[in-house]
Amino acid sequence: MSDAIEAEPTFLDKFPQEARVVRASFLSAFFALFLGAVFGIIQTLHRTDIARVIPSTDYYTLLTAHGVFLVISFTVFFLVGLFTWAVTRSLDRPVVNIKITWTWYAIMAAGITMTGVSILAGFTDAIDMSADVLFTFYAPLQAHPLFYTGLAVFIVGTWLAGADWFRTWLAWKDDHPDERIPLQTFMVLTTMAMWYIATSAIAVSVLAFLLPWSLGLIDQVNPTLTRTLFWFFGHPVVYFWLMPAYMLWYTVLPKIAGGRLFSDPLARVVFVLFLLLSTPVGIHHQYLDPGIAEGFKFISMTNTMFLLLPSLLTAFTVVASVEYGARKRGGTGLLGWLTDLPWRNPAFTGMMLAGLMFAAGGFSGMVNAGMNINYMIHNTIWVPGHFHLTVGTAVALTMMAATYWLWPQISNKPIYSKPIGLFQVVLWFIGMALMSNAMHAQGILGVPRRTAEPEYAGFEYATSFGGFGELNVQIAIGGTLLFVSTILFIGNLVLTMGNPKVSGLAETLPPALSGPEDAPQVLDNLRLWFAIALVLVVLAYALPIAAIINRGGLFGPGVDAFPVWLNPAFHVLTETAAMLVGTVVETVPTSDSLAGVFR
Ligand code: HAS
Ligand code: CU
């Protein structure tokens, strides 16, 4: 092979400035992953009563740190690194202004540091600060103002990052007016459009209610309102974690399998569906909340069932693309092709195992989403079982696995040890299989989530097979394997960073079998999809929120809002909302019983 071919430029060679941002974002993500894993192992062993290194009174500090460092810092920092890589790579041009890119990175880092400090301070009495509010930070739990301020700053950082990618795309569009949006950029832009809608609610919740309340500017808030605003954001945020993983499954996994993406148009449809349907479903986290009418919960459930569609389409497209790769490598038979895949490659095996576990996680999600069966598992440890399969494996394992493929291209350094990488991803799979299976099983027995002492003195859980203690041991072993797996991942990466730079690590992504030319032009009309998404959100939330404010007051029942001179305006607002709800209910043309459902 000639030197010219061997020296094909990597991402780092072509875009050294952007590659630094991607590396910085990934390293921030992995630092958070490390912290989250340390809190995770302490928590698993504590809850299962195998080893206790903290007093139970610190359990919520631990749980908050575990949740926030993993689902906010780790996932989102990985996302911004990945998206910067994807936009730059797929548009084949640098960002418009790298200083802006570093600015949003710095803002995000500053924000999460503030939030992190406010949580960790909870471990010591020497500092009068705590934020034991769990990663679902709604009232009545209250955190130190630094917690909310940090989160607000962090989210502003992500908004700027989105603006940076939109701006880079617009600059590209000026030079390529008649071209389709490259697929990876399309995925980034639709995800960010969804993010802007989702975060609008949490911005209101933090800035109008939680922060002023924690600063002592207002006495009280309406807890149902802050919960509802949280879940308005809290459901779409799960797709904000998932969509980077989907991007990797759609664009990188087929390449590693030796194939090509089956259908570019279908991938676009999937991302548009997520933009449209991710937000109007948040009430499926509130089926058991009093103060929200059953009718609204029913609508949310129906929307959630539609939201299964993009993931089912993904399962089909991704598996078809991988099968295409296997058959190109000589694979045959109904399932025999499975043996012709690069299973020794940790990036491939990690992503495939992540996908396999997501099939199970998606299934437990369907159980959660059914209003009637949700009553059985809500607030039990079944729910952590569900989300350790989804965000904890589909997302986290994909991110780790993809790092084995991506890191060499953004650093020009080969991975220190691929066999250790392979062992690491398999270990994650085994650990999670044990832990999440036992969590689901305990959940069905009624074991609560979020408690340091699930066993309640003198109470025996009635088990149908295996004992409560046995399931605890499975959780503890699984959690320990996950911790070991994380340490192996981070160790491998640190050793990789010590490797010398080499050339010849470039990888290109092949075009889809059915390319963008087969996709209807309207799919690229981002304004249209954004507008429809907004309409759907208003339809899903305007009435429930108006009803919640009408019933419980904007700042809690009977509380006069601060500042006093604004009160008349608030009263007019809530009266109007109440009137609107009343009018809609009155005009429902059918029987009283249907009207009653919405009252
Ligand atoms: Fe969920 C609670 C419903 C997906 C995360 N979810 C949570 C919580 C989290 C979370 C963190 O309706 C807890 C929040 C809290 O603290 O209270 N969830 C769903 C539904 C889906 C779903 C219907 N969840 C996710 C994803 C998450 C996530 C994704 C994170 C990333 N979830 C709920 C509900 C609750 C809930 C209720 C509230 C429960 C309660 O009562 O508190 C769906 O989107 C799932 C669709 C997925 C599928 C699977 C498709 C299969 C695929 C596999 C492809 C295969 C490959 C490889 C690539 C239908 C795509 C194959 C390999 C071979 C070898 C063949
Ligand atoms: Cu949800």
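1. A good place to start is the salt bridge between D175 and R93, whose closest N and O atoms are 2.9 Å apart. D175 belongs to helix α6 (residues 145-175), while R93 sits in the loop between α4 (59-91) and α5 (98-120), so this contact ties together parts of the chain that are 82 residues apart in sequence. Please keep in mind that this is a predicted model.

2. A salt bridge with a longer reach in sequence deserves a look too. The side chains of R180 and D524 meet at 3.0 Å, N to O. R180 is in the loop between α6 and α7 (183-214) and D524 in the loop between α18 (468-497) and α19 (526-552), so the pair ties together parts 344 residues apart in sequence. Both R180 and D524 are buried. The two also belong to a network of salt bridges that links R180, D264, R268 and D524.

3. For contrast, turn to D49 and R52, whose side chains form a salt bridge at 3.3 Å, N to O. Here D49 is partly exposed, with a relative accessible area of 46%, and R52 is likewise partly exposed, at 33%. Searching the whole structure gives 11 salt bridges. As general background, side chains of opposite charge can pair when their charged atoms come close.

4. Now to the metals. Which residues hold the copper ion (ligand 2)? Its protein donors are H235 through ND1, and H284 and H285 through NE2, at 1.9 to 2.1 Å from the ion. Their spacing in sequence reads H-x48-H-H. H235 and H285 link distant parts of the chain: H235 is in the loop between α8 (223-234) and α9 (236-251), and H285, 50 residues apart from it, is in the loop between α11 (264-277) and α12 (294-306).

5. Are these two copper donors buried or exposed? H235 counts as buried because its relative accessibility is 6%, under the 20% cut-off. H285, at 24%, falls between the 20% and 50% limits and therefore counts as partly exposed.

6. The copper ion (ligand 2) has a metal partner to check: the iron atom of ligand 1 is 4.5 Å from it. The only protein donor of that iron atom is H386, through NE2, at 2.2 Å. H386 is found in helix α16, which leads to the next point.

7. Helix α16 runs over residues 382-411, and its 30 residues should span 44 Å at 1.5 Å a residue; the end C-alpha atoms are 40 Å apart, which agrees. Where does α16 kink? The kink, of about 45 degrees, lies at Y404, shortly before the proline P408. The helix is mostly covered, with 29 of its 30 residues buried. Just after α16 comes N412, whose phi is positive, near 60 degrees.

8. Finally, the surface. L334, L335, L338 and W343 make a nonpolar patch of about 420 Å². L335, one of these residues, is in the loop between α13 (308-328) and α14 (346-369). With a relative accessibility of 57%, over the 50% cut-off, L335 counts as exposed.

Definitions and conventions: Residues are numbered from 1 along each chain as its sequence is written. Chains are lettered from A and ligands numbered from 1 in the order in which they are written. This is a predicted model: local features need pLDDT of at least 70, side-chain atom pairs count only at pLDDT 80 or more; totals for chains, interfaces and linings use all residues. Side-chain values use heavy atoms; hydrogens and water are left out. Donors are N, O and S atoms within 2.8 Å of the metal (3.2 Å for Na, K and Ca); water is not among the atoms, so sites may look incomplete. Helices (H or I, at least four residues) and strands (E, at least two) are DSSP runs, numbered from the N terminus. Buried means under 20% relative accessible area, exposed over 50%, partly exposed in between (1.4 Å probe, protein chains only). Patches are made of residues with over 30% relative accessible area and no salt bridge: like charges are joined within 9 Å, nonpolar side chains (Val, Leu, Ile, Met, Phe, Trp, Tyr) within 5 Å. Accessible areas come from the Shrake-Rupley method with a 1.4 Å probe; for residues, only the protein chains shown count as cover. A salt bridge is a side-chain nitrogen of Lys or Arg within 4 Å of a carboxyl oxygen of Asp or Glu. The expected span of a helix is 1.5 Å times one less than its number of residues. The bend at a residue is the angle between axes fitted to the seven residues ending there and the seven starting there.
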